[in-house]
Amino acid sequence: MTLCPGLLSARDADIIDGWQQFERRVRDEQISCEDGLKEIQRWWGVLQKAYPADRSDSRIFFPLRDYGLKHVGGKRGEGYRPSRYEFVGPKRRIGHPAQDIFVHDGNQDSLDDRTGGPVEVLSLAEGIVVSTFSEWTPEPLSPGNGKRGGNYVWIYHPALRMFAYYAHLQEVRTTPGERAAGGQVIATLGRTGTNASAGRSPTHLHLMLLQASDMIPVDPYPWLKRAF
């Protein structure tokens, strides 16, 4: 059984709005470590009840259309360096708890050099879009808005019991509350974000997976190896 598309129920709307508010508080460092850890546990209980794992498709899809495992940075996924990363707390910006997937964009215009068109970002698996951000601008133009991840999407994947964070996006093509099918287009890839916008950085998707039960990072590479 898969998640049913359609209009959000009042319950679903409250869940999505609440989680996005929580994500924003964590992102903007407006919540204490103690309160953040309590919220993680509370949300795990809410999500398990609202979106049972056995009602969601567990198939994995590569998150960039027309790209594959050979485009993941490093050899055999060695770019994943979680170090002492914490979702909430003083160590939340330590390490690189993600995989970067690089695209053909030599002139850094956020278009695929081979096709001349945007690179589509796809949902790793079926899930619920729980937070999006699409207002990124470089720091000098809008002080306080130069977010590290740039434009991004958070999706909760019930069958995987994980959150996926898709960052450095150009155009976000989904909204909080949407039920995304595995392989569905959720965005186009860009060069948004503090470091990703710099000329020294090749255009790439930053993909992070976190266990929903405790928000501890999981290496995406083994999952990407299973992708269709």
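Over the face of which residue does Arg42 lie? In this predicted model, the residue in question is Trp43, with Arg42 placed over the face of the ring at 4.6 Å from the ring centre. A further arrangement of this kind involves Arg114, which lies over the face of Tyr67, at 4.6 Å from the ring centre.

Contacts between aromatic rings were examined next. A pair of aromatic rings is described by the distance of the centres and the angle of the planes. The structure holds 10 aromatic pairs. One of them is formed by Trp19 and Phe22, whose rings meet edge-to-face, with 6.3 Å from centre to centre and 85° between the planes. Both residues belong to helix 1, which covers residues 10–27, and they are 3 residues apart in it, about one turn of the helix. Trp19 is buried, because its relative accessible area of 1% falls under the 20% limit, and Phe22 is likewise buried, with a relative accessible area of 3%. In the pair made by Trp154 and Tyr165, by contrast, the rings are tilted, the centres being 4.9 Å apart and the planes meeting at 40°. This pair links distant parts of the chain, since Trp154 is found in strand 4 (residues 151–157) and Tyr165 in strand 5 (residues 162–172), with their positions 11 residues apart in the count along the chain. Trp154 and Tyr165 are both buried. Through ring pairs, Trp19, Phe22, Trp154 and Tyr165 are linked into a cluster that also takes in Phe87, Phe133, Tyr152, Tyr156 and Phe163.Strand 4, which contributes Trp154 to the tilted pair, is mostly covered, 7 of its 7 residues being buried. The covering extends to both faces of the strand, with Asn151, Val153, Ile155 and His157 buried on one side and Tyr152, Trp154 and Tyr156 buried on the other. Strand 4 pairs with strand 3 (residues 127–133) in the antiparallel sense over 5 bridges, and Val153 of strand 4 is the bridge partner of Thr132. Strand 4 is also joined to strand 5 by 7 bridges, and these two strands run antiparallel. Met162 in strand 5 serves as the bridge partner of His157. Together, strand 4 and strand 5 form a hairpin with 4 residues between them, and Arg161 in the turn has a positive phi of about 55°.

The surroundings of His157 were then considered. This residue has its place in strand 4 and is buried, with a relative accessible area of 0%. The side chain of His157 reaches the backbone oxygen of Ala125 at 3.1 Å, and a polar contact of 3.1 Å joins the side chains of His157 and Tyr166. When residues up to four places away in sequence are not counted, His157 touches Ser123, Leu124, Ala125, Glu126, Gly127, Met162, Ala164 and Tyr166.

Tyr166 appears again in the nonpolar interior. In soluble globular proteins, nonpolar side chains tend to be buried together. The largest nonpolar core of this model has 31 residues, and those with the most contacts inside it are Leu64, Val121, Val153, Tyr166, Leu169, Ile186 and Leu205. Two or more residues are given to this core by each of strand 4, strand 5, strand 7 (185–189), strand 8 and helix 3 (221–224), and the largest share, 5 residues, comes from strand 5. Leu169, leaving aside its neighbours within four places in sequence, is in contact with Val121, Asn151, Tyr152, Val153, Ala187, Thr188, Leu189, Gly190, Thr192 and Leu205. Apart from this core lies another, of 30 residues, among them Ile40, Val130, Tyr152 and Ala167.

Positive phi values were found in loops as well. Arg76, a residue other than glycine, has a positive phi near 55°, and its place is in the loop between helix 2 (33–50) and strand 1 (99–102). Met215, which is not a glycine either, has a positive phi of about 60° and lies in the loop between strand 8 (204–211) and strand 9 (217–218). Is each of these loop residues buried or exposed? Arg76 is exposed, because its relative accessible area of 69% is over the 50% limit, whereas Met215 is buried, with a relative accessible area of 4%.

Terms used
Residues numbered from 1 in each chain as written. Predicted model: local features only at pLDDT ≥ 70, side-chain atom pairs only at ≥ 80, totals over all residues. Heavy atoms only, no water. Phe/Tyr/Trp six-rings, centres within 6.5 Å; stacked < 30°, edge-to-face > 60°. Buried < 20%, exposed > 50% of the residue type's maximum accessible area, 1.4 Å probe, protein only. Lys NZ or Arg CZ within 6 Å of the ring centre and 35° of its normal. Pairing = 2+ DSSP bridges. Polar contact = N/O pair within 3.5 Å; in protein donor to acceptor, adjacent residues only side chain to side chain. Contact = heavy atoms within 4.5 Å. Core = buried A, V, L, I, M, F, W, Y, C linked by side-chain atoms within 4.5 Å.
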